[in-house]
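Here's a quick walk through a two-chain complex, from the overall fold down to a few residues. Have the viewer open as you read.

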Amino acid sequence: MLQTAKATFHRNMISMIRAYPWSFFLSHILSGIYTVLFAYFTYTYVFEGVLDSRFSNYAGTNDYLSYVFLGGALFSFAVSTLMNVSRSLITEQREGTLEALLLTPSSRKGYFLGNVTQQITRTLLEFLIILIFAFLLGLQFKHIHFLSAIFIWFCAVIGFFSQALLLGSVMLYFRDTYITQNTLFVTMAFVSGVTFPIGYLPEWVAPLSWMMPLTPALEAFRHSVLEGQGLAASGSQLLHLSFLSFLYLIVGSLGIKKTEKIVVEKIFS
Amino acid sequence: MIGWIRLFLAELKKEHRNMFHSRLVYFSLLIWPVIGFITSYYSFKPFSLNDNSPITRFVPPDHLVLFLLTGYLAYLFFWSLVQSAWQMGYERQSGTLEMIFLTPVHRLALIYGRSFSSLLESVWLFFTFVIMILFIVEGIQVDGWWSFPFAFFILFISAVIWGGFLNAIFLFSRDAGFFYTILDEPMLIFSGVRIPPLAFPIWAKGLALFFPLTYTLHIIRMLVMEAATFIEILPSFTVLLVVLLVLINISAFVIKKAENHMKQTGSMVLF
């Protein structure tokens, strides 16, 4: 498995550097930066910093800018991870290498593992650039509990990865990336508490936000970055996140296995 | 003239067949814009929206829904054209662009037919949604019945011309995905879809002037929210007309340049 992971990492690195150099990278960074910029404009110029009284209650902090900046940065990180991993198989199909991949006895888990580690080198860079930009506009790191923030970030990566497996099998089954991924992303932006606390949402939306790994990940991440709390404070969020990761991992790997068979019959027969 | 119309209709039919290949297109027609609109409404929730809120300097808080609704509708008109222009790339990749250029069709008619048809295709559903919502929300103030068709007319014309301009630009390059990133969200931020441009700092106001959507939206909101009479909007309307005229001229110039460039480098098909 590790051999496959290593090989995939290496191959993807080469293809990223040689074939897809800048456009994806830049567009992910820019869309994160636009979210940050938009929040800054709204807060500073339109509302002059006057917040709703319920905000600090729902959000656990009074610092609107940091709240939204972290949301925007983690959201675009989630989108990048989801997109890169879930699209990998369908990209193979489009580029004509899927057949070769399916014919080898290599471990599929290793393939995805290599894929996700390679993507992380890039998405982490995007994430950091967005954070730096947000820092210039007033993101506060004063209280950050560094170790727990990193741990939570790592858990979030696992969560997004599992979700991406499921998304990938859906995409491969329908042989569509555009509609599926964008529907998921606009929904995530709406229900996961990216730019506003989910407390404002009507109650019937709540099940939808619980289904997204981004929701608990963001809550826990904000606890440790903005409020400087350790892991103990985010216990329930981490439990929620690991439950979702586990569930999506199981369903996603089963789904990938199943759709692979269907795809083989559909495409290569 | 008959040639123009024939081409116009042909392009319309072609785009329709291209777009409506499956029911899934309804996602991009209705579901995404509606969710986007709702999300942006909720994004204002963390702020104070009572009568003392600083936003009252620009928009009364109870008119916020109407403000966002007009913004999103106009944005969607313009956005769908960015998308159609983006798909000009496929025309090139599949080799049909070369065939089109071999025929003696009028190039301007082609790009305006394109943008007109994709406009019709991509906004009618959301447009219906907005009309329905308009009956529910408060805050509509119009001078007379003429305000609605006039606002629609302005929106339509300026969107088509903007779309033609984008199509012309995208004739130049194969990798137009990048333009998409530069043009799409900045338009959302700077042209006043979600935040009133009056609130911007001066450099952002300057940026806003580059997007025709800014002028269009300004006039539409005057018409629908402030009960402006025709005389009142006349100055803004003149400015918009000038901007559109400049755009048409630039588009015509760019198409000529692009075609000459392609003839010389022989790169009409792939790449």
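## Chain A at a glance

What percentage of the 269 residues of chain A count as buried? The figure is 43%. Bear in mind throughout that this is a predicted model.

Chain A is built from eleven helices and has zero strands, so the element string from the N terminus reads α-α-α-α-α-α-α-α-α-α-α. Along the principal axes, the C-alpha atoms occupy a box of roughly 60 × 40 × 35 Å. The radius of gyration is 19 Å, which agrees with the value near 18 Å for a compact globule, because that is what the rule gives for 269 residues. If you look at contacts in chain A with a separation of 6 or more, 83% of them join residues 24 or more positions apart.

## Chain B and how far to trust it

Chain B also comes out with eleven helices and zero strands, and its pattern along the sequence is α-α-α-α-α-α-α-α-α-α-α. Buried residues account for 35% of its 271 residues. Of the chain B contacts with a separation of 6 or more, 83% are between residues 24 or more positions apart.

On confidence, chain B has an average pLDDT of 80, and 88% of the residues score at least 70. The low point in chain B is helix 4 (residues 88-93), with a mean of 71, while helix 10 (residues 212-225) is highest at 88. As a general caution, predicted coordinates should not be read in detail where pLDDT is low. For the complex, the predictor reports an ipTM of 0.84 and a pTM of 0.83.

## Where the chains meet

At the interface, 30 residues of chain A are in contact with 29 residues of chain B. On the chain A side, the elements giving two or more residues are helix 2 (23-46) and helix 8. Helix 2 of chain A provides the largest share, twelve residues. By type, the chain A side splits into 20 nonpolar, eight polar and two charged residues.

Helix 8 of chain A (residues 178-191) deserves a second look. Its 14 residues reach 20 Å from first C-alpha to last, close to the 20 Å expected at 1.5 Å a residue. Within helix 8 of chain A, the buried residues include Met188(A), Ala189(A), Phe190(A) and Val191(A). Just after this helix, Gly193(A) adopts a positive phi of about 75°.

## The nonpolar core

Which residues have the most contacts inside the largest nonpolar core? They are Ala217(A), Phe221(A), Tyr75(B) and Phe78(B), in a core of 129 residues. Helix 4 (residues 64-95) of chain A gives the largest share of this core, 15 residues. That fits a broader tendency: in soluble globular proteins, nonpolar side chains tend to be buried together.

Take Tyr75(B) as an example. Setting aside neighbours within four places in sequence, Tyr75(B) is in contact with Met187(B), Leu188(B), Val193(B) and Leu213(B).

## An exposed phenylalanine

Is Phe135(B) buried or exposed? Phe135(B) is exposed, because just 7 other C-beta atoms lie within 10 Å, and 12 or fewer is the cut-off for that label. Phe135(B) sits in helix 6 (residues 107-136) of chain B. Phe135(B) is 120 residues from Glu15(B) in sequence, and the two are 32 Å apart in space, C-alpha to C-alpha.

Definitions and conventions:
Residues are numbered from 1 along each chain as its sequence is written. Chains are lettered from A and ligands numbered from 1 in the order in which they are written. Helices (H or I, at least four residues) and strands (E, at least two) are DSSP runs, numbered from the N terminus. A residue is buried if 20 or more other C-beta atoms lie within 10 Å of its own, exposed if 12 or fewer, and partly exposed in between; C-beta atoms are placed from the backbone. The expected span of a helix is 1.5 Å times one less than its number of residues. The radius of gyration is taken over C-alpha atoms; the globule rule is 2.2 Å times the number of residues to the power 0.38. Two residues are in contact if their C-beta atoms, placed from the backbone, lie within 7 Å. Ala, Val, Leu, Ile, Met, Phe, Trp, Tyr, Cys and Pro count as nonpolar, Asp, Glu, Lys and Arg as charged, and the others, Gly among them, as polar. A nonpolar core is a set of buried Ala, Val, Leu, Ile, Met, Phe, Trp, Tyr and Cys residues joined through C-beta atoms within 7 Å. pLDDT is the predictor's confidence in each residue, from 0 to 100.
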